[in-house]
Amino acid sequence: MPDPEFRLTAKQHEVNGILGGTQTHTLVYGGGRSGKTFLITRAILIRAMRAPKSTHFILRHRFNAVVRSIGGENGTLPTVLRLCFPEIEGRVRCATHKTGE
């Protein structure tokens with residue numbers, strides 16, 4: 001059961017409806033700390049649960065930005081899992097990054 005303290009804002013509800021559409025691409029914009037990454041990560045997790053054995057990627061321009069903001073110990077992905085899907089047990093794994101190859 002999701003955290004009872006967790007609530008989407010009115011704007012996040014609106015964007016959440018759009019993310020559930022049939023379109024291929026969606027641009028979500030807003031100010032810093034507005035919840036864009038949280039909402040998109042949540043939508044990706046929902047899609048992944050609806051399509052077993054599917055593959056999903058969360059990318060950023062720089063590898064260290066993904067590790068720091070999405071997959072780190074206090075990153076968006078662990079936070080979304082904890083608040084929205086506490087019944088899912090697992091761990092977040094970040095791919096290793098090799099340079100010069």
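The paragraphs below lead through the core, an aromatic pair, a helix contact and two individual residues of this structure, which is a predicted model.

A convenient place to begin is the interior. The largest nonpolar core has 15 residues, and Phe6, Phe38, Val80 and Cys84 are those with the most contacts inside it. Helices α1, α2, α3 and α4 are the elements that give two or more residues to this core. As a general point, nonpolar side chains tend to be buried together in soluble globular proteins.

Two of the core residues just named also form an aromatic pair, and the count of such pairs comes to 1. In this pair, the rings of phenylalanine 6 and phenylalanine 38 are 5.4 Å apart from centre to centre, with 40° between their planes, and the arrangement is tilted. The pair links distant parts of the chain, since phenylalanine 6 belongs to the segment before α1 (10-19) while phenylalanine 38 sits in helix α2 (residues 36-50), 32 residues apart. Phenylalanine 38 counts as buried because its relative accessibility is 16%, which is under the 20% limit for that class. If residues up to four places away in sequence are not counted, phenylalanine 38 touches Phe6, Thr76, Thr79, Val80, Leu83 and Cys84.

From here the path leads to the packing of two helices. Helix α3 (residues 63-71) packs against helix α4 (residues 76-84) at an angle of about 20°, and their axes are 5 Å apart. The two helices α3 and α4 are therefore roughly parallel to each other, as angles under 35 degrees fall into that class. On the α3 side the contact is made by Ser69, Ile70 and Gly71, which meet Thr76, Leu77 and Pro78 of α4. The residues of this contact divide into 3 nonpolar and 3 polar, with no charged residue among them.

Helix α4 also holds leucine 81. With neighbours within four places in sequence left aside, leucine 81 is in contact with Leu45, Pro86, Ile88 and Val92. Leucine 81 and proline 2 are 79 residues apart in sequence, yet the distance between their C-alpha atoms is 9.2 Å.

The last stop is glutamine 12, which is found in helix α1. Is glutamine 12 buried or exposed? Glutamine 12 has a relative accessible area of 12% and is therefore buried. Apart from residues up to four places away in sequence, glutamine 12 touches Arg7, Ser34, Gly35 and Leu39.

Methods:
Residues are numbered from 1 along each chain as its sequence is written. This is a predicted model: local features need pLDDT of at least 70, side-chain atom pairs count only at pLDDT 80 or more; totals for chains, interfaces and linings use all residues. Side-chain values use heavy atoms; hydrogens and water are left out. Rings of Phe, Tyr and Trp (its six-membered ring) pair if their centres lie within 6.5 Å; planes under 30 degrees apart count as stacked, over 60 as edge-to-face and the rest as tilted. Helices (H or I, at least four residues) and strands (E, at least two) are DSSP runs, numbered from the N terminus. Buried means under 20% relative accessible area, exposed over 50%, partly exposed in between (1.4 Å probe, protein chains only). Axes are lines fitted to C-alpha atoms, for helices over the stretch in contact, and angles run from 0 to 180 degrees between N-to-C directions. Angles under 35 degrees count as roughly parallel, over 145 as roughly antiparallel, 65 to 115 as roughly perpendicular and the rest as oblique. Contact means heavy atoms within 4.5 Å. Ala, Val, Leu, Ile, Met, Phe, Trp, Tyr, Cys and Pro count as nonpolar, Asp, Glu, Lys and Arg as charged, and the others, Gly among them, as polar. A nonpolar core is a set of buried Ala, Val, Leu, Ile, Met, Phe, Trp, Tyr and Cys residues joined through side-chain atoms within 4.5 Å.
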